[in-house]
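Me: Could you take me on a close look at one part of this model, the small sheet and the helices around it? I would enjoy a connected walk rather than a list.

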Amino acid sequence: MSQGDEAGRLVRPFTLTGGRTRPSRADFTLITTVTAVDPPPERAARPQPEHARILRLSARPVAVAELAAHLDLPVSVVVIILCDLLEAGLITARPPRSVSGAADLDLLQKVRDGLGRI
């Protein structure tokens, strides 16, 4: 438990999003991978504390759900903040890799064939 949680959250989630309840984009899912842009754009404003925490945590690729867990914030709040960071050019977001049904069937057949040899 962090210090802020012992006495109750110091900053309410709606405050972190400026009162917004919906993201400005629909790019993010729980498994979207987020990475901080390094170096950050020169024109970027100084980030708010929560934005800075996300940027530190996303120095290496990290999933949206993992960020929410580390920040102890609802995913919906994290997604709104991520939209802000993406629009400011401070992060990149990579959607989950899509796999076609045919590729899944091929993989399952290879696994089955491999298990038959054991």
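Reply: Gladly! Contact here means heavy atoms within 4.5 Å, and axes are lines fitted to C-alpha atoms, for helices over the stretch in contact, with angles from 0 to 180 degrees between N-to-C directions. This is a predicted model, where local features need pLDDT of at least 70, side-chain atom pairs count only at pLDDT 80 or more, and totals for chains, interfaces and linings use all residues. Numbering starts from 1 along each chain as its sequence is written, and side-chain values use heavy atoms, without hydrogens and water.

Helices (H or I, at least four residues) and strands (E, at least two) are DSSP runs, numbered from the N terminus. Three strands form an open sheet in the order β2-β1-β3, with antiparallel pairing (at least two DSSP bridges between two strands). Its edges are β2 (62-63) and β3, each pairing on one side only. Four bridges link β1 and β3 in the antiparallel sense, and T35 has T92 of β3 as its bridge partner. Across β1 and β3 lies α5, at about 115° to β3.

Now to α3 (residues 49-57), where H51, A52, I54 and L55 are buried (under 20% relative accessible area, 1.4 Å probe, protein chains only; exposed is over 50%, partly exposed in between). Seen down the axis of α3, the directions from the axis to the C-beta atoms of its buried residues fall within an arc of 160°, so these residues line one face of the helix. They pack against β1 (33-36), α4 (64-71), α5 (75-87) and β3 (91-94). On the other side of α3, P49 and R56 are exposed.

Two backbone details sit in the loops. Between β1 and α3 lies P39, joined to D38 by a cis peptide bond with omega of about 0°. The loop between α4 and α5 holds D72, which has a positive phi of about 55° although it is not a glycine.
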